[in-house]
Amino acid sequence: MLVNTILMLVYVSKFFWWEDGYWNTMDIAHDRAGFYICWGCLVWVPSIYTSPGMYLVNPPVHLGTQLALYILVAGILCIYINYDCDRQRQEFRRTNGKCLVWGKAPSKVISSYTTSSGETKTSLLLTSGWWGLSRHFHYVPEILSAFFWTVPALFNHFLPYFYVLFLTILLLDRAKRDDDRCRSK
């Protein structure tokens, strides 16, 4: 229970540490704050994100110190990597690509497109650092973070893993919507 709680606390702390960064996420920039987002933040998130912890109340699981520390460190590392992925992209966009990514000038793709109103715009796409590994790489540590705060429940029941499964489906859908939006540009 302690590993689950610490990882969720680190995850929530990251959110408040990087709160300004969320204004540039797909949730805010494209989905807007309608019923879907508001209901999700007020009802779904508090219920489902915490469900692995609620499961751990009964029956309690004793992992042992070494396994608990391995899970804790892996979870914190995933949360940090997720933060750093988003930080790299936002720093890159904020500086128009005039920054360092992993100590070097970033590689990029400059994409021009025409809006539905006929206006020509340009997007800078980061292709180095975490973003050089794969498109939507930041979803991998996001899913793994959820897995690591769930895995203290071990594998005796499916119920604690509902959130990990839900998050995976949600992020695959979000990646597809983002790819479709970019393709339409």
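# Reading a predicted protein model

Guide: Let us begin with a single residue, H136, which is buried, with a relative accessible area of 10%. Please keep in mind throughout that what stands above is a predicted model.

Visitor: Why does H136 count as buried?

Guide: The general idea is that a residue is called buried when its relative accessible area is under 20%. H136 has a relative accessible area of 10%, and therefore it is buried. H136 is found in the loop between β2 and α6, and it has a positive phi of about 60° although it is not a glycine.

Visitor: Which other residue has a positive phi although it is not a glycine?

Guide: N96 is such a case, with a positive phi of about 55°, and its place is in the loop between α5 and β1.

Visitor: Where is L2 found, and is L2 buried or exposed?

Guide: L2 belongs to helix α1, and because its relative accessibility is 62%, it counts as exposed. A position along the chain can also be set beside a position in space: L2 and P52 are 50 residues apart in sequence, while their C-alpha atoms are 12 Å apart.

Visitor: Let us step back to the whole protein. How many helices and strands are there in the protein?

Guide: The protein has 7 helices and 2 strands, and when one reads along the sequence, they follow the pattern α-α-α-α-α-β-β-α-α. The C-alpha atoms fill a box of roughly 60 × 40 × 25 Å along the principal axes.

Visitor: What share of the residues of the protein count as buried, and what area does the protein expose?

Guide: Of its 185 residues, 41% count as buried, and the protein exposes about 11200 Å², of which carbon and sulfur atoms supply 67%. Contacts offer another way of reading the fold: among those between residues at least 6 apart in sequence, 65% join residues at least 24 apart.

Visitor: Now for the helices. At what angle do helix α1 and helix α6 pack?

Guide: To read a pair of helices, one takes the angle between their N-to-C directions. Helix α1, residues 2–17, and helix α6, residues 139–150, pack at an angle of about 150°, with their axes 8 Å apart. That makes α1 roughly antiparallel to α6, because angles over 145 degrees are counted in this way. In this contact, N4, L7, M8, Y11 and K14 of α1 meet E142, F148 and W149 of α6, and by class the contact has 5 nonpolar, 1 polar and 2 charged residues.

Visitor: How are α6 and α7 placed, roughly parallel or antiparallel to each other?

Guide: Helix α7 covers residues 162–184, and α6 packs with it at an angle of about 170°, their axes being 9 Å apart; α6 and α7 are therefore roughly antiparallel to each other. On the side of α6, the residues Y139, E142, I143, A146, F147, W149 and T150 take part, and they meet Y163, V164, L167, T168, L171, R174 and A175 in α7. By class, this contact of α6 with α7 has 10 nonpolar, 2 polar and 2 charged residues.

Visitor: Turning to the strands, how many bridges join strand β1 to strand β2?

Guide: Strand β1, residues 108–114, is joined to strand β2, residues 120–126, by 7 bridges, and the two run antiparallel. One may follow the pairing from partner to partner: V109 has L125 as its bridge partner in β2, and T114 has T120 as its bridge partner there. The hairpin of β1 and β2 has 5 residues between the strands, and in this hairpin G118 takes a positive phi near 90°.

Visitor: Which residues does S111 touch?

Guide: S111 lies in strand β1 and, not counting residues up to four places away in sequence, touches K121, T122 and S123. Because its relative accessible area is 26%, S111 is partly exposed. As for its distance from another part of the chain, S111 and G40 are 71 residues apart along the chain, and their C-alpha atoms are separated by 33 Å.

Visitor: One last feature, the peptide bond. Is the bond from N58 to P59 cis or trans?

Guide: The peptide bond from N58 to P59 is cis, with omega near 0°, and P59 has its place in the loop between α4, residues 51–57, and α5, residues 65–94.

Conventions
Residues numbered from 1 in each chain as written. Predicted model: local features only at pLDDT ≥ 70, side-chain atom pairs only at ≥ 80, totals over all residues. Heavy atoms only, no water. Axes fitted to C-alpha atoms, helices over the stretch in contact; angles between N-to-C directions. Helix = DSSP H or I, 4+ residues; strand = E, 2+ residues; numbered from the N terminus. Parallel < 35°, antiparallel > 145°, perpendicular 65-115°, else oblique. Contact = heavy atoms within 4.5 Å. Nonpolar A, V, L, I, M, F, W, Y, C, P; charged D, E, K, R; others polar. Buried < 20%, exposed > 50% of the residue type's maximum accessible area, 1.4 Å probe, protein only. Areas by Shrake-Rupley, 256 points an atom, 1.4 Å probe, with all protein chains shown as cover. Pairing = 2+ DSSP bridges.
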